[in-house]
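Please open the model in your viewer and keep the selection tool at hand. The tour below moves from one selection to the next and says what is found at each stop.

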Amino acid sequence: MTAPIRPLAELVSFLDSFDEPHILFDRDYRILAANAAYRRAHGTGRSVIGRTCYEVSHHYAVPCDQAGESCPLARSLGSGQRERVMHLHHTPKGESYESIELSPVRNTAGEITHFIEKMAPLPVARGLSDASGLVGRAPRFQAMLELVSRVAPSDATVLLQGESGTGKELVSGAIHQASRRAGQPFVAIDCSGLPETLFESELFGHERGAFTGATQRKIGLVEAASGGTLFLDEVGDIPLGMQVKLLRLLETSTYRRLGATEPRKADIRIISATHRPLREMVEDGRFRRDLYYRLNTFPIEVPPLRERIEDIPLLAEVLLRRLTPGRALQLAPGAVQRLVQHRFPGNVRELRNVLERASLMCDGDEIGPEHIYLEEALTANPASPELELTTDLAEMERRTLMAVVAAHEGSRHALAERLGISERTLYRKLKAYGLVPNR
């Protein structure tokens, strides 16, 4: 056990001067102090002093890196520097994604003896189902979210790349909401549906008489987004002729309305998205190299649904709530299993369509497998079923069970009944997969 810091009272007083939640703990993960902001945000009536940070924040029995997550303490000991991670924490208001910044504290000999941890919630995302915001717990989702939390406070240009239907506009909206521009407009433009003749007018606006039919002045989307964020969806579809003018906007932060002579100043942040392979398009001469590098300052890959299948039950709950307000629809375990076995080439958009049809086919309160219609030609069918079932079935059960447990708010007995197994069997499976919390 490390020796305590002598001026502990002074350090605690220092932590209380911060508006954000802060805690002080030692190398054994034991919390020594928590400031007032932390107690307000995370207080449950039970003192956190003397408890481990991983038990309080995660309900784990072991440190984060032994439970499959990145541990900032272990990383800081390795690097000797400040470390930042994104973690999903338990709070009195439910699970919440939080940006963690951990700073090592050294003694007079230069040895790391303690750590100060600052927590900043990311309100645009949830680990469990929520009426709004990004929803997910899968590792690929969390990796994406950590990038969102890092880039959001800046004005850096972001390029979101991912398949159609993955929710790139939602991610762009999350970046905007977590930025200093959150109180200003968020304006989206779909670049795929505009011919070059209309694109410039839509983006920059025009003066009266600028062209035939321009009977009055019109402001463009750049001006409409002033002070906020302009989201360019399907940026790979922008005509080459317009790419030059977009590049000028990015390089000079100025633009001209069609028919105007004076340049105007643009105060916007640009986020773009595409499902197209922009790098290949650059090599083929279909997309300007200089524009690509301007847009690609901070790339974020938005994962397809098939790479985050444990999020399907969580997403399904949110989507059902949005699709059927006033109806308490649930997915039967058989329906969940049917969904997680599908590859969803249409991603979240396809999942939404499947659930909308299922809700219309279901007359009761529970959607069963018979209500789930999937296009069989697009369903994953293993080339050698016996081999793949041997290697993948256990992992599929683990990920499905993880998602179902996360979405369940009742007792373990009620969950066992819903799954159609005994409570003892449920406990055995939870323990085998490391899902028994240390409460």
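Is E234 buried or exposed? E234 counts as buried, with a relative accessibility of 11%, where buried means under 20% relative accessible area, exposed means over 50% and partly exposed lies in between, computed with a 1.4 Å probe on protein chains only. Select E234 in the loop between strand 12 (229-233) and helix 9, and note that E234, although not a glycine, has a positive phi of about 55°.

Before moving on, bear in mind that this is a predicted model, in which local features need pLDDT of at least 70 and side-chain atom pairs count only at pLDDT 80 or more, while totals for chains, interfaces and linings use all residues. Residues are numbered from 1 along each chain as its sequence is written, and side-chain values use heavy atoms, with hydrogens and water left out.

**The whole chain**

Show the protein chain as a cartoon, where there are 17 helices and 18 strands; helices (H or I, at least four residues) and strands (E, at least two) are DSSP runs, numbered from the N terminus. Of the 439 residues of the protein chain, 45% count as buried. Among contacts with a separation of 6 or more, 63% come from residues 24 or more positions apart, a contact being heavy atoms within 4.5 Å.

**A second positive phi**

Now select H59, in the loop between helix 3 (53-58) and helix 4 (72-79). H59 is a residue other than glycine, and its phi is positive, near 65°.

**Helix 7 against helix 9**

Two packed helices are described by the angle between their axes and the distance between the axes. Select helix 7 (residues 196-204) together with helix 9 (residues 240-252), which pack at an angle of about 15° with their axes 10 Å apart; the axes are lines fitted to C-alpha atoms, for helices over the stretch in contact, and angles run from 0 to 180 degrees between N-to-C directions. That angle makes helix 7 roughly parallel to helix 9, since angles under 35 degrees count as roughly parallel, over 145 as roughly antiparallel, 65 to 115 as roughly perpendicular and the rest as oblique.

Display the side chains of E196, F199, E200, L203 and F204 on helix 7, and of G241, M242, K245, L246 and L249 on helix 9, for these residues make the contact. By class, this contact has six nonpolar, one polar and three charged residues; Ala, Val, Leu, Ile, Met, Phe, Trp, Tyr, Cys and Pro count as nonpolar, Asp, Glu, Lys and Arg as charged, and the others, Gly among them, as polar.

**Salt bridges around E207**

Side chains of opposite charge can pair when their charged atoms come close. The structure holds 22 salt bridges, each defined as a side-chain nitrogen of Lys or Arg within 4 Å of a carboxyl oxygen of Asp or Glu.

Centre the view on E207, which counts as buried at 18% relative accessibility. R217 forms a salt bridge with E207, and the closest N and O atoms are 2.9 Å apart. Both R217 and E207 lie in the loop between strand 10 (205-206) and strand 11 (218-219), so the pair ties together parts that are 10 residues apart in sequence. R217, at 55% relative accessibility, counts as exposed.

Add R257, which also forms a salt bridge with E207, here with the closest N and O atoms 3.3 Å apart. This pair links distant parts of the chain, 50 residues apart, with R257 in the loop between strand 13 (254-255) and strand 14 (264-265). Both R257 and E207 are buried. Extend the selection to E207, R217, E223, R257 and R264, which are joined into one network by salt bridges that share partners.

**E163 and R306**

Next, select E163 and R306, whose salt bridge has its closest N and O atoms 2.5 Å apart. E163 is in the loop between strand 8 (158-161) and helix 6 (168-177), whereas R306 is in the loop between strand 16 (298-301) and helix 12 (312-323), 143 residues apart. E163 is partly exposed, with a relative accessible area of 30%, and R306 is partly exposed at 28%.

**Helix 6**

From E163, continue to helix 6, where seven of the 10 residues are buried, so the helix is largely enclosed by the rest of the structure. The buried residues of helix 6 are K168, V171, S172, G173, A174, I175 and H176.

**Last stop: E366**

Finally, select E366 in strand 18 (residues 366-367), which is partly exposed at 41% relative accessible area. Leaving out residues up to four places away in sequence, E366 touches L329, Q330, L331, A332 and H371.
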